[in-house]
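Visitor: I would like a close look at one part of this model, the sheet and what lies around it. Please take me through that part step by step.

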Protein chains: 2
Amino acid sequence: MKELNPLLHSQLRLAVISILMNVEEADFVYLREKTDSTSGNLSVQLDKLSSAGYIAVEKGFVGKKTRTVCKITEQGRKAFEEYVDALKQYINLK
Amino acid sequence: MKELNPLLHSQLRLAVISILMNVEEADFVYLREKTDSTSGNLSVQLDKLSSAGYIAVEKGFVGKKTRTVCKITEQGRKAFEEYVDALKQYINLK
DNA sequence: AAATTTGGTTTATAATATAAATCGGTTTAA
DNA sequence: TTAAACCGATTTATATTATAAACCAAATTT
């Protein structure tokens, strides 16, 4: 049985990647709301995804307020697709 | 986003349940080989599945040797199906 | 200008997964 | 026989992970 990439096999990180697969980009606040997570948890998990090269994180400003924007990378896309592929072995999709 | 039942969202437990979904029953040694896990790890995870009522574990003998046989329960089946259902939200299947 | 809110990071704690050590019994080989 | 190696499995110790609590700097509100 194929292994399930542990970086993606985590509810919050998977949710983030899943969202980022379907949008051009998403900011911190949006991700926090969509995933219904705490800022601390999200921050940590974004760091992990970013360190792995699965997402790109850019910090900027909107007016005077900071804004952290995330985008999935090509590597991230690939990892996600492989993860889904491995998962199919477990959940036996028709 | 629906939550992913943490009891099933674990590589080894998911593998076990996935196997048990497709066979009438399976013994400890078979599960250990199929999942390529250690006895210790498997034993712990079977306990958790069993305590949750997701599998039924029976200890018996084959000749003089002990044999631990596992079967998925109705509850386990249901939990697995719900898990797969929730997962679909994340992996966006066509 | 104090209090509150916003966007986020750091750090402490709780939960989890995993492997190492151990156990009761069996078979094998001396 | 009996000691060594082996088998099926459990217990326990350790490493890893996830999560929330506490915190921080800047902005906004009162």
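Guide: What follows goes through the sheet of chain A, then the helices on it, then the partner chain and the DNA.

This is a predicted model. It helps to place the sheet within its chain before looking closely. Chain A has four helices and three strands, and from the N terminus on these elements follow the order α-β-α-α-β-β-α. Its C-alpha trace spans about 50 × 25 × 25 Å along the principal axes. Chain A has 94 residues, of which 30% count as buried. Among the contacts in chain A with a separation of 6 or more, 53% are between residues 24 or more positions apart.

Now the sheet itself. The three strands of chain A form an open sheet in the order β1-β3-β2, and the pairing is antiparallel. β1 (26–27) and β2 (55–62) of chain A are at the edges, and each has a single partner strand, so one side of each has no neighbour in the sheet. The pairing of β1(A) with β3(A) is antiparallel and rests on two bridges. Here A:D27 is found opposite A:V69 of β3(A).

On the other side of the sheet order, β2(A) and β3(A) are joined by eight bridges, again in the antiparallel sense. In this pair A:F61 lies opposite A:T66 of β3(A). β2(A) and β3(A) make up a hairpin, with two residues between the strands. A:G63 is in the turn of that hairpin and has a positive phi of about 65°. As a rule, side chains in a regular strand alternate between the two faces of the sheet.

Next come the helices that meet the sheet. Helix α3(A) lies across β2 and β3 of chain A, and runs at about 125° to β2(A). β3 (65–72) and α3 (39–51) of chain A also take part in the surface near DNA strand C, each supplying at least two residues. α2 (28–35) of chain A does so too, as do α1 (11–20) and α3 (39–51) of chain B. In total, 22 residues surround DNA strand C. The closest are A:F28, A:G40 and A:T68 from chain A, with B:S10 and B:G40 from chain B. By class, this surface has six nonpolar, twelve polar and four charged residues.

That brings in the second chain. Chain B is superposed on chain A by a rotation of 180° with 0.0 Å of shift along the axis, at an RMSD of 0.1 Å. The two copies are therefore related as by a two-fold rotation axis. In chain B, B:H9 has the C-alpha nearest the axis, 3.9 Å from it.

Where the chains touch, 15 residues of chain B are in contact with 15 residues of chain A. On the chain B side, α1 and α4 (74–91) are the elements that give two or more residues. That side has nine nonpolar, five polar and one charged residues. Of the interface residues of chain B, 100% are also interface residues in chain A, so the copies meet through the same surface.

One last point concerns α1(B), where eight of the ten residues are buried. Among them are B:L12, B:L14, B:V16 and B:I17, and the buried set also includes B:R13. So α1(B) belongs both to the side of chain B that touches chain A and to the surface near DNA strand C, and is mostly covered.

Methods:
Residues are numbered from 1 along each chain as its sequence is written. Chains are lettered from A and ligands numbered from 1 in the order in which they are written. This is a predicted model: local features need pLDDT of at least 70, side-chain atom pairs count only at pLDDT 80 or more; totals for chains, interfaces and linings use all residues. A residue is near a molecule or strand if its C-beta atom, placed from the backbone, lies within 6 Å of it. Ala, Val, Leu, Ile, Met, Phe, Trp, Tyr, Cys and Pro count as nonpolar, Asp, Glu, Lys and Arg as charged, and the others, Gly among them, as polar. Two residues are in contact if their C-beta atoms, placed from the backbone, lie within 7 Å. Two strands pair if DSSP finds at least two bridges between them. Axes are lines fitted to C-alpha atoms, for helices over the stretch in contact, and angles run from 0 to 180 degrees between N-to-C directions. Copies are superposed by least squares on the C-alpha atoms of residues with pLDDT of at least 70 in both. A residue is buried if 20 or more other C-beta atoms lie within 10 Å of its own, exposed if 12 or fewer, and partly exposed in between; C-beta atoms are placed from the backbone.
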